[in-house]
Amino acid sequence: MKYITFAIPCYNSEAYMEKAINSILPAGEDVEILIVNDGSSDRTKKIGKQYAERFPSIVRVINKENGGHGDAVNSGLSQASGKYFKVVDSDDWVDEDSLMKLLEVIKGFVSEEEEVDMIVSNYVYEKTGVEHKKVIHYRNVLPQNEIFRWDDIGSFHLDQYILMHSVMYRTEMLKLCQLKLPKHTFYVDNIYVYYPLPHVRRLYYLDVDFYRYFIGREDQSVNEKIMISRVDQQIYVTKSMISMYDLRLIGSKKLRKYMINYLAIMMTVSSILCIRSKNAENLQKKKELWKYLRQMDYKIFLKIRYGILGQTMNLPGRSGRKVSSMAYSVARRLIGFN
């Protein structure tokens with residue numbers, strides 16, 4: 001049995017993909033590694049082939065036309081055979097000791113025939129030049145060492161939420177809920193985390209620093225200038241998440257609160273990018289985004305605009321350019337500006 005499928009979307013990743021692959025290989029036959037070559041023009045395909053030849057029972061290569069990060073995740077999921085599915089970006093890596101602990105937990109679920117839909121662990125900002133690494137943990141929010149449900153969780157801080165880095169989903173659940181990410185779109189990792197949430201019934205949190213999230217490349221998608229240049233895609237993803245569910249129908253009050261807070265975070269990030277651009281057209285897009293939320297769900301609009309964000313952002317000011325230092329600080333932490 002393959003307990004975890006690791007999908008590694010790769011696009012021109014020859015300079016760093018081997019670190020990601022090598023960090024998973026110590027798990028041996030318990031895992032499968034899917035290297036998804038998303039139409040690369042460098043040595044990515046060749047490197048993937050070399051690993052597949054060296055480790056034929058562990059590593060497979062999926063070669064496909066370029067469709068973007070989300071489409072690469074879709075391809076990996078469609079061919080995943082592991083009990084759980086984990087995405088590792090090609091410039092990131094995982095901690096070996098934490099990987100072994102996660103495997104032991106999953107083996108325990110399998111042997112006891114426990115169906116756990118979502119496993120959460122910590123992630124670490126591996127930021128270039130920073131000696132003391134920031135760890136995002138959930139020990140103040142989630143029960144530890146036990147299977148739990150949404151109604152058992154505590155309250156998340158505004159800058160503390162579950163990213164793709166910290167989540168591992170049961171593969172069959174992702175397939176059954178028909179998760180499909182849009183092609184040629186950045187920031188779809190938010191959809192990846194958000195869309196399956198109402199389908200999750202049972203959760204488990206392991207307090208280990210598993211995922212290492214690298215920040216420092218100039219061409220990275222979380223570089224502030226690049227995010228501003230792609231603000232249309234950030235807004236598209238935010239609108240997609242707004243229209244995804246009627247949150248009033250979410251049974252668990254705590255899950256509903258969490259999903260509303262997630263939308264508040266997305267609205268914060270989108271708004272701040274528009275403001276930081278100092279571009280009149282983008283400022284208009286910000287207004288249109290808030291109008292869209294208002295039209296889709298007026299009560300959620302009021303809750304986010306005047307409740308959750310009311311004390312952190314000055315969004316509708318006459319110039320449309322004001323943003324509090326607190327809100328900007330929160331956004332920087334949320335999306336890891338380098």
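**Exercise 1. Work out whether Glu29 is buried, partly exposed or exposed, then describe its salt bridge.**

Step 1. In this predicted model, Glu29 has a relative accessibility of 46%. Buried means under 20% and exposed means over 50%, so Glu29 counts as partly exposed.

Step 2. Now look for its partner. The Glu29 side chain meets that of Lys2 in a salt bridge, with 3.4 Å from N to O.

Step 3. Place both ends on the chain. Lys2 belongs to the segment before β1 (4–10), while Glu29 is in the loop between α1 (17–24) and β2 (31–38). They are 27 residues apart, and the pair links distant parts of the chain.

Step 4. Check the other end for cover. Lys2 comes out at 17% relative accessibility, so this residue counts as buried.

**Exercise 2. Find which residue forms a salt bridge with Lys64, and say where the two lie.**

Step 1. The partner is Asp38, and the closest N and O atoms are 2.6 Å apart.

Step 2. Lys64 is in strand β3 (residues 59–64) and Asp38 in strand β2, 26 residues apart, so that distant parts of the chain are linked.

Step 3. As for cover, Lys64 and Asp38 are both buried.

**Exercise 3. Explain why the salt bridge of Lys285 and Asp232 ties together separate parts of the chain, and classify each end.**

Step 1. Start with the distance: the closest N and O atoms of Lys285 and Asp232 are 2.6 Å apart.

Step 2. Then assign the elements. Because Lys285 sits in helix α10 (residues 280–296) and Asp232 in helix α8 (residues 231–242), the bridge ties together parts 53 residues apart in sequence.

Step 3. Finish with accessibility. Lys285 has a relative accessible area of 19% and is buried, whereas Asp232, at 45%, counts as partly exposed.

Step 4. Zoom out a bit. Through shared salt-bridge partners, Lys83, Glu115, Asp117 and Arg170 join into one network. The whole structure holds 16 salt bridges.

**Exercise 4. Count the aromatic pairs, then describe the geometry of Phe109 with Tyr204 and of Tyr123 with Tyr125.**

Step 1. The count is 18 aromatic pairs.

Step 2. A ring pair is described by the distance of the centres and the angle of the planes. For Phe109 and Tyr204, these are 5.2 Å and 75°. An angle over 60 degrees counts as edge-to-face, so that is the label for Phe109 and Tyr204.

Step 3. Where are these two rings? Phe109 lies in helix α4 (residues 96–111) and Tyr204 in strand β10 (residues 203–215), so the pair ties together parts 95 residues apart in sequence. Phe109 and Tyr204 are both buried.

Step 4. Try the other pair. Tyr123 and Tyr125 have 5.5 Å between centres and 70° between planes, which is again edge-to-face. Tyr123 and Tyr125 are buried too.

Step 5. Rings can also group up: Tyr138, Trp150, Phe156, Tyr161, Tyr194, Tyr205, Tyr258 and Tyr262 form one aromatic cluster.

**Exercise 5. Build a picture of the surroundings of Tyr306.**

Step 1. Tyr306 is in helix α11 (residues 298–308). At 52% relative accessibility, it counts as exposed.

Step 2. Over its ring sits the charged end of Arg305, 4.8 Å from the ring centre. For another case of this kind, see Arg54, which lies over the face of Tyr51 at 5.4 Å from the ring centre.

Step 3. Tyr306 also belongs to a nonpolar surface patch with Tyr298 and Leu302, and together they have about 310 Å² of accessible area.

**Exercise 6. Check what the chain does over the annotated residues 258–277.**

Step 1. An unreviewed UniProt entry annotates residues 258–277 as "transmembrane region".

Step 2. In the model, that stretch is 100% helix and 0% strand. Its end C-alpha atoms are 29 Å apart.

**Exercise 7. Describe the backbone and setting of Gln178 and Lys278.**

Step 1. Here's the background: most residues other than glycine have a negative phi.

Step 2. Gln178 has a positive phi, near 60°. Gln178 sits in the loop between α5 (171–176) and α6 (189–194), and at 65% relative accessibility it counts as exposed.

Step 3. Lys278 isn't a glycine either, yet its phi is positive at about 55°. Lys278 is in the loop between α9 (253–277) and α10. With a relative accessible area of 65%, Lys278 is exposed.

How values were computed. Residues numbered from 1 in each chain as written. Predicted model: local features only at pLDDT ≥ 70, side-chain atom pairs only at ≥ 80, totals over all residues. Heavy atoms only, no water. Salt bridge = Lys/Arg side-chain N within 4 Å of Asp/Glu carboxyl O. Helix = DSSP H or I, 4+ residues; strand = E, 2+ residues; numbered from the N terminus. Buried < 20%, exposed > 50% of the residue type's maximum accessible area, 1.4 Å probe, protein only. UniProt positions renumbered as here; feature names shortened; annotations may be inferred. Phe/Tyr/Trp six-rings, centres within 6.5 Å; stacked < 30°, edge-to-face > 60°. Lys NZ or Arg CZ within 6 Å of the ring centre and 35° of its normal. Patch = residues over 30% accessible without salt bridge, like charges linked within 9 Å, V, L, I, M, F, W, Y side chains within 5 Å. Areas by Shrake-Rupley, 256 points an atom, 1.4 Å probe, with all protein chains shown as cover.
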